[in-house]
Structure formats: C-alpha cells, structure tokens
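The following exercises concern charged side-chain pairs and cysteines in a single chain. Work through each task before reading the solution beneath it.

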Amino acid sequence: MFNLQPKIYLKGNLIEITKSSTYLGFTLDTEINCGKHIAKLAEKGRKRLQISGRGWGANSGTLRMTFTALIRPVLEYGYQIYQVASQTNLNKLERVQLSADRMITGLRSCCPKAIVLFEADLQPLSLRRQKNSARYIAKLKSLGSFNRTSRFVLQWTSNQRLKKDSPIGVMWKRGFLDFKIEPCIPFGCLTPTTPLDKVSFNDQLLTSASKHTQRPEMMRQLSLEVINNIPSRALVLYTDGSKSNSGRTGSGVYARAEDGLVFRCRFRNPDNCSVFRLELLAINEALDFAFRLETSDTYILTDSKSSIEYLKNWPKISEKTGQEIISKIVSLSQKSRVCIQWIPSHVGVFGNEVADLLAKEGSALPSAASGELFASEISSIHRAKANSTWKVPPAHEWYAENRPGLSLQSEGTRSTQTALARLRTGHIKSLKFVDKEKTYSSCPCSCHASPVHVIDCIGASARLLWSEGENEFVVLLERHGIMDLV
C-alpha cells in the first residue's frame, strides 16, 4: 500500500504523485521525520552564507548582523514542528550556524565548537528552540478558546501511540504546558469611541523633569507640587510593586482619606511576575478600595510610567487584568473624576515609600492568590534560564573568557579581530596536528610559536588579551613581525 500510486485526474489532467510536498513553506514527507524540510533549510542557509564571504573585509559585528538577519531565520523556519526530528537531522542546521560562527570570528576548524559559539555570542539553535517554543505555546494558550489552534492546545492530552513524539508532546515533556496563562479576551466593556471625559492618565509631573538628570530633592519638590494640587476632598492612593532576586513578588497600596481613615494593603503575587504587572495589580486593588468609599475624585499615584502608558492605550488592551482595570475606571468615572498620575520613586514621598514597604512585605507572604502569568512573563522566565545557561563559559585549559561575544567588541580591522580571537582560544595559525598531537611552526626566534611563546616573545602578558589594552597587543604583534603566525 505504501508504494501504491493511483492515477488521479483533476479536470482531465493527471495529478503528479510525489512523496514530499510543500505547504506554507514547510516540506512534508511520508516518513514524518522532517528530514526533507531540514535538508532544504540547511541548503538554503549555506547558499546565503556565501554572501557573507570570508575575505571581503567586513568586521565581526557586520557579519554577525548579516547572519542573524538573513540566515538564522531560515534555519529556524518551522521549528515548532521540526523540533521532533532526530538529532542527526537537527545537527545539520547546527553545522550551518557553526560555519557562520567561524566566518564571523575567524576561528579555525580545530577550535572547539562551544568556544566558537561563545566568541560569536550566538546561542546553539537547540537552546533557542526551547525558549522560542515556550514563548510560542504561552502565546497560544493566552488566546483561550477564541483561537482554533489555542483551543486544540488547551484540550490536548497525552495519548501517544507512535514511538515518535508529536510537537505538542515534546513541549509537554519540557514543561511548557504546565504554566497558568492569563487569557487575552476580546474587549467587551468599551469601544474605541467610548468617551473617557472624567479620566486622565498623566505620565509627567506639572513641571517636566527627568529623574536621571535631576537631584532627588528636586524630584521630591516637583512631586509634592503635584500632590498639593490634588483637591482636598479627593481620595489619594499610592501603589507600588516589588520583586525579590529569588522571584517572589508582591504589591502594596496605601491611602489616607480626609477623615483620617488609613488604608494599607499588601498581597503576594505569583512568582516571577514582571514588575510591570505588579504595578497593574496594585492599581486594580486601589480601584476596588475606591469603589467602597463615597468620594468626589480618585487619584492613584504610581511610580510606573509603563503602566500609565499601557492604560492610556486602552483600546488595544487584550489582557484580562488590563481590561478589568479599564472597566473599573469607567464605572468609577460615572460618578467622579479618576486620575492615574506618575510620581518618581525613592525621592522621599511619604505615601510612595509606605506603598513600597507594603509591596516588599507582600512578597514575603506565604502564598499567592492566583498563579496566572502573562504570556510575556512566561517567555521572560525561559529566556532568563537560557541566558543563564549560555553565560557559563566553556571549560578549556587556555580559554579564560568569562562573557560571550568578546570578539565582537574588539575594534579595528577584521584581521585584528581574528588574531585576538585565535590567541584567546589558543588555536592560532601556527598550530598543526601531527598524529593527533599539537605542534607549532617556528617563530622568528627559532622557538615553537605556541600561544604562550607568542605572548612572551612580544613582551606582553596573557592578561592583556582579556583587557581593554587589546589594541596595544595587536601593535606588539605587528611590531615583532609575527602577526602571520597568529
């Protein structure tokens, strides 16, 4: 049956039978191993590599930009599906990137792969697939039942019958389906033409000033100018969010009404929440308190400009938390004025300092009320994990760099960047392998031109290789006439 080739006609024309076809740029094959698609991606990537060239003079930064803009997107096209392929097939794409990395850095083929990637500051495609898959599945889940693909993901259960995992099965095994995502829902409480006459979103003080250029005392006086202009009968609420180094998060709200009533609220939020969302949750809690009081006006003072800008662009808000806030603001504005005002943080404004303290206390509480996170926060978590893994330098007897991409930061010509990269890795031009043993060409002083000898011969130190004096190192190489050995 597998080799059966029936004759099928469409309007009298015989349809050609093929074992692989392309749909939306993805090549399907009967083996269901994505081998043909990966082979096409690798071939297309190699062809584009030729435009980068090896000797046309572009520096490392330009070559890297060319690769990330024109070649890597080709290698990653359809990764959501082809990530189930065998490691042998996936390695074909890794080899294309490795070839590009060697062009970018000028490192030789004998240099270990991990060091080449580290010098070019290009994460392995396997690592990028993991964090990109997490972002993809989080975005899908956030769409809820309003999207067909999202609905399929939400209803998916592991019912594996084949030996090979499905794309969703792979993501499930990696834990990408375990997170609770806050859904994005169609905006139902407002239309873009709904007037908000009694609502204002102010992300500036009365006198324009930058927190980065003004002294804290000046920013405090400008903040007090705003606060003193608020009507005396208005309810003023201060909000803030806090996130610890361990990822624990909390929000705080502080208010003092005209009649002396003091409101203090602190609460724990899901771990790894973004500070942006913590501020939104605090504003949401402040609005709930405002609903319980009969006041003329409500002023919410926050030190988060991004939250104010987000709420100001309310017709495009799709997240549930943002929609709840806008809905409450609209309801509250039916009977009084509502103002969301920015004030600078940590300049000595009493209400803001109290809210900040409450937020820190909230992050220390035992548990959060809800475990839902934004899709962007899920993406940030996995991106941070990938970056943390990536920043661990490769173990090597000579290589001593502690941060990726040092070759890209070197100034000068491409030959200068290549010489420095080769010396840092220890795989210089004079290095040869004879019967799997390292040997070196002769230096002008008749000694073996090993990296250690080259450094000693020019009267430099290895520390200079990894310092800001690298240009001086190149000058010494050229002065002693041994640049060609590197």
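A salt bridge is counted here when a side-chain nitrogen of Lys or Arg lies within 4 Å of a carboxyl oxygen of Asp or Glu. The model to which this rule is applied is a predicted one.

**Exercise 1.** Determine whether the side chains of Glu217 and Arg215 meet in a salt bridge, and classify the exposure of each residue.

*Solution.* The N to O distance between Glu217 and Arg215 is 3.7 Å, and because the cut-off is 4 Å, the pair is a salt bridge. Glu217 has a relative accessible area of 47% and is partly exposed, whereas Arg215, at 59%, is exposed.

**Exercise 2.** Describe where the partners of the salt bridge between Glu182 and Arg277 lie.

*Solution.* The two side chains meet at 2.7 Å, N to O. This pair links distant parts of the chain, with Glu182 in the loop between β5 (180-181) and β6 (199-202) and Arg277 in helix α10 (residues 275-291), 95 residues apart. Glu182 is buried at 2% relative accessibility, and Arg277 is buried at 4%. Finally, Glu182 and Arg277 are linked with Glu377 in a network of salt bridges.

**Exercise 3.** How many disulfides does the structure hold, and what is the situation of Cys111?

*Solution.* The structure holds 0 disulfides. For Cys111, the nearest cysteine sulfur is that of Cys110, 6.8 Å away; because a disulfide requires sulfur atoms within 2.5 Å, Cys111 is in no disulfide. Cys111 is buried, with a relative accessible area of 2%.

Notes. Residues are numbered from 1 along each chain as its sequence is written. This is a predicted model: local features need pLDDT of at least 70, side-chain atom pairs count only at pLDDT 80 or more; totals for chains, interfaces and linings use all residues. Side-chain values use heavy atoms; hydrogens and water are left out. Buried means under 20% relative accessible area, exposed over 50%, partly exposed in between (1.4 Å probe, protein chains only). Helices (H or I, at least four residues) and strands (E, at least two) are DSSP runs, numbered from the N terminus.
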